[in-house]
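Subject: Structure handover

Hello,

Here is the structure we talked about. Please load it and keep it open while you read; my notes follow below.

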Amino acid sequence: MSKAFILDRDGTINFDSGYIADPKKLVLLPGAATAIKIMCENGFKVIVVSNQSGVARGYFPIATVDIINQTLNTMLEAEGGHIDAFYYCPHLASGIIAEYAVECGCRKPKRELFEAAIRDFCLDPTECYACGDKPRDVESLPELGVPRDHLGILDASGLDGHDTSLLAFTCRVLGITNTSRFGVKEDSGMGEKIKKIAEIQLGGNRFDIELNHSTSTVGEREIHLQNDCFRVAFSEHEFLQLASGILLARRQLQQIKGEQLQRLGAAEGKPI
């Protein structure tokens, strides 16, 4: 029997910019390519299981999902890793495309796609690991025999003991403490990379975001995106997670948007 890492896609391997329909908007999360390279080099199958309700919502045709998946694999192959298979659910009961607007057994957290992957690759569930950025990405896997301590939910803040990245999760569960042999190194150009990711993630909206990280020897301390309407400050524990912090900030801004707009008298501002 085989062993595998079963991964979510958006928000785990690549930035989740919301119903990705354009391959040009596909951006790998920091460390994700290295993590998948490590998995492959250690003899694991790498399987992606994702919900792609954008199909049922009418945002893009099902063929677009395949194009995005193929593009993602090409990007990973260029870094020495690869995905062995993609499984995805295009359904949503409240969708507008009749063919896909149905109740199904494959939308996570339901088990159908996980069962198919285990069956197709003859996986030993006790030798599998799974990771995503939401509980639904992993919560049904113990029912199929995957140990609970083989599961991870990513959170760029590192709160509640969550792994901050796919690389952090991979190194933790495989007991890897030194990633230098995998080519992980500090990138002195991270400031510009963060700004680029911020533009992608925040869609051109104007917010002031302050990034603070505990290791002050590298990277930018502050990123300002015009306008001081909002300021979100949080700590990052690893240099590679600076960019992931942008995504966390976006989520925080979405949660407080209504309250802040009222308090600042900026109801005419653009939505996030």
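In which helix is lysine 37 found? Lysine 37 sits in helix α1, which covers residues 32–41. Keep in mind that this is a predicted model.

Is lysine 37 buried or exposed? Neither label fits: lysine 37 is partly exposed, because its relative accessible area is 22% and buried means under 20%. Glutamate 77 is 40 residues away from lysine 37 in sequence. In space, the two C-alpha atoms are 8.6 Å apart.

Now the overall layout. The protein chain has six helices and eight strands. Read from the N terminus, the order is β-α-β-α-β-α-β-β-α-α-β-β-β-α. The chain holds 272 residues, and 51% of them are buried. Take the contacts with a separation of 6 or more: 61% of these join residues 24 or more positions apart. The exposed area of the chain is about 13,100 Å². Carbon and sulfur atoms supply 47% of that area.

Next, helix α2. This helix spans residues 62–77, so 16 residues in all. From first C-alpha to last, α2 reaches 23 Å. That is close to the 22 Å expected at 1.5 Å a residue. Its buried residues are Thr64, Val65, Ile68, Asn69, Leu72, Asn73 and Leu76. What do they pack against? The buried residues of α2 pack against α1 and against β3 (85–89).

Then the core. The largest nonpolar core has 31 residues. Phe5, Leu7, Ile13, Ile36, Met39, Leu166 and Phe169 touch the most other members. Two or more residues come from each of β1 (2–7), α1, β2 (45–51), α2, β4 (123–132) and α4 (166–174). Which element gives the most to this core? Helix α1 does, with seven residues.

Isoleucine 36 is worth selecting in your viewer. Set aside its neighbours within four places in sequence. Isoleucine 36 is then in contact with Leu7, Ile13, Val46, Leu76, Gly81, His82, Ile83 and Leu166. Of these, Leu76 is one of the buried residues of α2.

Apart from the largest core lies another, of 22 residues. Its members include Ala4, Cys104, Phe114 and Val146.

Best wishes

Technical notes: Residues numbered from 1 in each chain as written. Predicted model: local features only at pLDDT ≥ 70, side-chain atom pairs only at ≥ 80, totals over all residues. Heavy atoms only, no water. Helix = DSSP H or I, 4+ residues; strand = E, 2+ residues; numbered from the N terminus. Buried < 20%, exposed > 50% of the residue type's maximum accessible area, 1.4 Å probe, protein only. Contact = heavy atoms within 4.5 Å. Areas by Shrake-Rupley, 256 points an atom, 1.4 Å probe, with all protein chains shown as cover. Core = buried A, V, L, I, M, F, W, Y, C linked by side-chain atoms within 4.5 Å.
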